[in-house]
Amino acid sequence: MKTVKLGIAGLGHVGCGLIELVERQTELRLPGKVEIVGVSARSRNRNRPVDISNYRWFDDAATLAEDPEVDVFVELMGGSDGPAKFAVEEAIKFKKHVVTANKALIAMHGQSLERQAQAAGVDLMFEAAVAGGVPIVRVLRDSLTGVSVTRVAGILNGTCNYLTTQMLETGRSYDAVLEEAQKLGYAEADPTLDVSGMDAAHKAAILASIAFTADLDFSKVSVKGVETVELMDLNLADRLGLRIKLIAEGVLTDEGVVCRVAPMAMKTSHPLARVNGALNTVRVEGDPLGAVTLTGPGAGAGPTASAVMGDIAKLFSPTARSPFGRAAHHKARTFVAGKSDERSAFFLRAKLADRPGALASLSEALAAHGVSIDKLLQDSADDSDVSPVAIVTHECSRGDIDAASDRLAALETIVGAPQVIQIDAAE
Ligand code: HSE
């Protein structure tokens with residue numbers, strides 16, 4: 001193809017970013033020309049940073065996907081089901097290539113869409129769905145095919161990383177920083193997807209599926225977000241030489257692929273501790289490679305639009321190959337749930353009632369479950385007579401620390417539920 005004709009559905013931050021990029025394409029290094037045939041979004045008249053009046057307007061994304069002029073349907077609407085899924089399936093049915101930034105759609109329906117695309121002989125590409133401007137999908141799928149991957153892990157949600165970084169650096173509240181992340185175009189239309197860990201889980205599941213030739217099974221992915229992380233946790237952890245970040249990973253175990261997302265604490269010397277703001281980072285470990293790490297802007301209009309454009313550029317020479325890079329002779333794995341007997345050190349924060357014996361009741365509850373204290377930090381009580389205590393434990397099992405935390409939550413001397421965050425031992 002010398003010219004690739006796009007139908008763009010979804011004109012939020014990324015859709016508008018893509019239009020801007022198409023309009024200044026002479027600065028890029030595309031193999032040919034990109035034209036916009038038509039656009040579609042929920043509202044035609046919304047205030048946008050780009051002028052869309054020169055493009056054909058479609059009220060309905062699926063009608064745009066079916067339009068005979070369209071070579072490539074670009075889906076930037078979001079949502080795992082509903083109009084986005086319907087329009088993508090229509091596009092494939094009408095033998096259009098599909099480029100999408102929709103991680104929820106790919107994580108929930110990736111293999112079904114893969115089968116439909118392969119049967120129709122079209123390409124389905126989703127570089128922008130994982131880690132925004134960081135080109136990890138193609139690197140994992142293509143460049144690292146010579147590596148037997150054992151772990152793929154990193155920071156996959158820019159909003160959460162921005163939250164934990166900015167709260168600590170500026171002392172601002174969770175709500176204030178989240179509002180800023182929304183204004184900056186990092187957060188999803190529904191930011192609950194970010195802070196619940198769901199967005200990072202979608203991305204981790206996609207990477208794990210590619211890395212381990214595993215059929216996506218999102219029901220096995222364990223997901224914990226940053227909603228319960230307080231400024232107090234970040235500050236106390238900092239004074240104990242730790243940073244707290246939302247970490248996503250897929251690990252190959254004897255039982256299968258374990259995929260999970262949770263806040264993790266790590267020493268300030270840990271490589272991930274220095275990945276701040278809306279940056280994402282992905283480390284791929286495997287044999288005989290060792291490890292490779294890619295870091296860059298994981299959210300925002302420009303970086304994500306550049307990843308969409310990178311996929312479009314590949315479609316000047318379509319290949320109709322498996323979007324996940326799979327072939328029948330590859331060793332197939334399955335997703336499995338993680339185990340609770342994993343041993344680790346943990347960061348535990350509790351709010352103590354400021355009265356005699358409160359600290360003793362805390363250490364007794366930990367001792368009852370065999371959890372031993374490595375470091376302890378207690379602050380003076382605040383106006384409501386609540387005194388924050390942070391502990392770094394010696395190594396213990398996840399099951400033991402969870403049981404100790406439940407016991408603490410039931411004590412009269414402890415206010416609210418304690419915070420328990422695993423510490424990543426890597427230096
Ligand atoms: N809301 C996402 C994030 C955008 O914060 O990382 C990129 O997928």
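## A bend after helix α9

T213 sits in the loop that runs between α9 and β8 (214-215). This is a predicted model, and in it the phi angle of T213 is near 45 degrees, a positive value in a residue other than glycine. Is T213 buried or exposed? Its relative accessibility is 14%, and because buried means under 20%, T213 counts as buried.

## A second loop with a positive phi

Now look at A131, in the loop between β6 (124-125) and α5 (136-143). Phi of A131 is near 65 degrees, which is again a positive value in a residue other than glycine. With a relative accessible area of 0%, A131 is buried.

The loop that holds A131 leads to α5, so let us turn to that helix next. In α5, the residues I136, V137, L140 and R141 are buried. They cover an arc of only 120 degrees around the axis, so they lie on the same side of α5. What do these buried residues pack against? Their partners are β7, α9, β12 and β13.

## A cis peptide bond

Two of those partners, β12 (279-287) and β13 (290-297), have a loop between them, and P288 is found there. The peptide bond that leads from D287 into P288 is cis, and its omega is near 0 degrees. You can find it by following the chain to the loop after β12.

## I155 in strand β7

Strand β7 covers residues 148-155, and I155 is part of it. How accessible is I155? Its relative accessibility is 0%, so I155 counts as buried.

Setting aside neighbours within four places in sequence, I155 is in contact with N161, K245, L246, I247, L272, V275, L279, N280 and T281. For a sense of scale, try comparing I155 with K2: they are 153 residues apart in sequence, and their C-alpha atoms are 37 Å apart in space.

## E249 and its two arginines

E249 belongs to strand β10, which spans residues 242-252. Its relative accessible area is 10%, so E249 is buried.

Which side chains does the side chain of E249 join in polar contacts? One is that of R151, at 2.7 Å. Another is that of R260, also at 2.7 Å. Leaving aside neighbours within four places in sequence, the residues in contact with E249 are R151, V152, A153, A204, V258, C259 and R260.

## The two sides of helix α7

Helix α7 takes in residues 174-183, and Y174, V177, L178 and A181 are buried in it. Seen down the axis of α7, these buried residues fall within an arc of 100 degrees, so they line one face of the helix. On the other side of α7, D175 and K183 are exposed. Try turning the model until you look down this helix, and compare the two sides.

The buried residues of α7 pack against α6 and α8 (192-195). Just after α7 comes G185, which takes a positive phi of about 80 degrees.

## Around the ligand

Finally, let us visit the ligand. The residues around the ligand are K103, N157, G158, T159, Y186, A187, E188, D194, D199, K203, G298 and A299. By type, this shell divides into three nonpolar, four polar and five charged residues.

How do N157, G158 and T159 meet the ligand? For N157, a polar side-chain atom lies 3.5 Å from an oxygen atom of the ligand. For G158, a polar backbone atom is 2.7 Å from a ligand oxygen. For T159, an N or O atom in the side chain is 2.6 Å from an oxygen atom of the ligand. Taken alone, the ligand exposes 260 Å², and the protein buries 95% of that. Which elements give two or more residues to the shell? They are α6 (158-170) and α9 (198-212). You have met both of these helices already: α6 is packed against by the buried residues of α7, and α9 comes before the loop that holds T213.

Note on methods
Residues are numbered from 1 along each chain as its sequence is written. This is a predicted model: local features need pLDDT of at least 70, side-chain atom pairs count only at pLDDT 80 or more; totals for chains, interfaces and linings use all residues. Side-chain values use heavy atoms; hydrogens and water are left out. A residue is near a molecule or strand if one of its heavy atoms lies within 4 Å of it. A polar contact is a pair of N or O atoms within 3.5 Å; within protein, one must be able to donate a hydrogen and the other to accept it, and residues adjacent in sequence count only if both atoms are side-chain atoms. Accessible areas come from the Shrake-Rupley method with a 1.4 Å probe; for residues, only the protein chains shown count as cover. Helices (H or I, at least four residues) and strands (E, at least two) are DSSP runs, numbered from the N terminus. Ala, Val, Leu, Ile, Met, Phe, Trp, Tyr, Cys and Pro count as nonpolar, Asp, Glu, Lys and Arg as charged, and the others, Gly among them, as polar. Buried means under 20% relative accessible area, exposed over 50%, partly exposed in between (1.4 Å probe, protein chains only). The arc is that of the directions from the helix axis to the C-beta atoms. Contact means heavy atoms within 4.5 Å.
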